[in-house]
Each structure stands twice: as C-alpha cells, then as structure tokens.
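Me: I am new to this structure and would like a close look at one part of it, namely the charged side chains and how they are placed. Please take me through them slowly.

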Amino acid sequence: PETEKASGELGLAMLLKAQADDAKQDSKKKLEDVLTLFEKAEQRFEGFLGAYTRHPRLREARFQVGMLLQSKGDFLKKRIDKDQTLAAKFRETAEDAYDTAIDLFIVEVCDLSHHSVQLTGPFAHRNHLAHHGGENTGC
C-alpha cells in the first residue's frame with residue numbers, strides 16, 4: 001500500500017519529466033508552457049523526496065531531479081541563445097537549474113562514497129547526513 005503509493009508518485013514524476021523533455025524538443029512550443037511542464041515534474045519529485053525519505057529508489061529520484069534540472073537549464077540556454085531578449089528574464093533561472101542539478105549530483109556521489117554534503121537552495125530541506133555521529137563530514 002504505502003510502497004505502491006510511493007512507486008506511483010515516483011512513476012508520475014518520471015512521466016512528467018519525460019513530457020517536459022519531449023516538449024523541449026518542439027521549437028513551436030511556447031517557452032512558458034515548457035517551463036510549466038518542468039515545474040510540474042520538479043514539484044512531483046520534490047513531493048516524493050520529501051514524503052519518502054527512506055524509499056529504496058530515493059537515490060534514483062534525486063538523480064532524476066538532477067537530470068530534469070540539467071535538461072531545464074539546457075532548454076533555457078538554447079532558447080536564450082536563439083533570442084537574446086530572453087536573457088534578462090531567464091538567464092538566472094537557467095543558472096539556478098544548473099547549480100541545483102550539480103548539487104544533487106554531488107549528493108549522489110557523496111552518498112555512494114558514504115560521505116555527506118549540505119544542499120542549499122530549493123532542495124536544502126532534504127540534506128542527507130551520513131552516519132558519522134550526525135555530523136556533516138563533507139565530501
């Protein structure tokens with residue numbers, strides 16, 4: 001029951017990620033519509049990560065969020081490169097997406113090497129401390 005619900009939540013988040021990735025390939029799609037798809041996927045992943053902190057697929061979910069944010073940054077960069085008038089409005093969003101993706105990838109590397117790091121930004125509430133007496137030992 002709880003495991004099935006968690007798996008369903010993760011599956012929905014991954015489906016929304018796939019929809020956003022597909023939409024970003026369509027140059028006729030409005031930028032705002034594609035960003036909405038990315039945001040919906042990100043919110044689903046955030047919900048999963050916040051609710052199921054001990055789920056066996058937690059690392060996979062964090063990795064997928066990183067991939068989602070990298071994809072979002074790539075999408076925005078490509079659109080900005082085509083139309084510099086978008087830079088003022090979306091450059092910071094693209095940079096934030098890249099920075100958060102990198103933070104999440106670092107967390108995964110540290111988790112795999114049994115170290116820990118502190119996330120900042122929108123994912124800070126999911127900081128993961130390794131089992132070192134509750135201390136953050138860095139990576």
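Reply: What follows is a walk through the charged side chains, with a short view of the whole chain beforehand.

This is a predicted model, in which local features need pLDDT of at least 70 and side-chain atom pairs count only at pLDDT 80 or more, while totals for chains, interfaces and linings use all residues. Residues are numbered from 1 along each chain as its sequence is written, and side-chain values use heavy atoms, with hydrogens and water left out.

The chain holds four helices and zero strands, where helices (H or I, at least four residues) and strands (E, at least two) are DSSP runs, numbered from the N terminus. Of its 139 residues, 37% are buried; buried means under 20% relative accessible area, exposed over 50%, and partly exposed in between (1.4 Å probe, protein chains only).

Side chains of opposite charge can pair when their charged atoms come close. A search of the whole structure finds six salt bridges, a salt bridge being a side-chain nitrogen of Lys or Arg within 4 Å of a carboxyl oxygen of Asp or Glu. One of them joins Lys17 to Asp21, with the closest N and O atoms 3.3 Å apart. These two residues stand four apart in helix α1, so about one helical turn separates them. Lys17 counts as buried because its relative accessibility is 12%, and Asp21 counts as buried because its value is 18%.

Another salt bridge brings together the side chains of Glu42 and Lys72, at 3.7 Å from N to O. This pair links distant parts of the chain, since Glu42 belongs to helix α2 and Lys72 to helix α3, 30 residues apart. Glu42 is buried at 13% relative accessible area, and Lys72 is buried at 8%.

A further bridge is formed by Glu108 and Arg62, whose side chains meet at 2.3 Å, N to O. Here too distant parts of the chain are linked, with Glu108 in helix α4, Arg62 in helix α3 and their positions 46 residues apart. Glu108 is buried with 8% relative accessibility, and Arg62 is buried with 4%.

Other charged residues are buried without such a partner. Lys24, in helix α1 (residues 2-24), is buried yet has no salt bridge, and the nearest side chain of opposite charge is that of Asp21, 4.5 Å away; for these charges, Lys and Arg count as positive and Asp and Glu as negative, while His and the chain ends are not counted. Apart from neighbours within four places in sequence, Lys24 is in contact with Val34, Phe38, Ser71, Asp74 and Phe75, contact meaning heavy atoms within 4.5 Å. Arg79, in helix α3 (residues 58-82), is likewise buried and without a salt bridge, with Asp26 as the nearest side chain of opposite charge at 6.6 Å. Residues up to four places away in sequence aside, Arg79 touches Asp26, Ser27, Lys29, Lys30, Leu31 and Leu86.

On the surface, Glu92, Glu95, Asp96 and Asp99 gather in a patch of negative charge. Patches are made of residues with over 30% relative accessible area and no salt bridge, like charges being joined within 9 Å and nonpolar side chains (Val, Leu, Ile, Met, Phe, Trp, Tyr) within 5 Å. Asp96 has its place in helix α4 (residues 87-112), and Asp96 counts as partly exposed because its relative accessible area is 40%.

Definitions and conventions: Areas by Shrake-Rupley, 256 points an atom, 1.4 Å probe, with all protein chains shown as cover. Charge placed at Lys NZ, Arg CZ, Asp CG, Glu CD.
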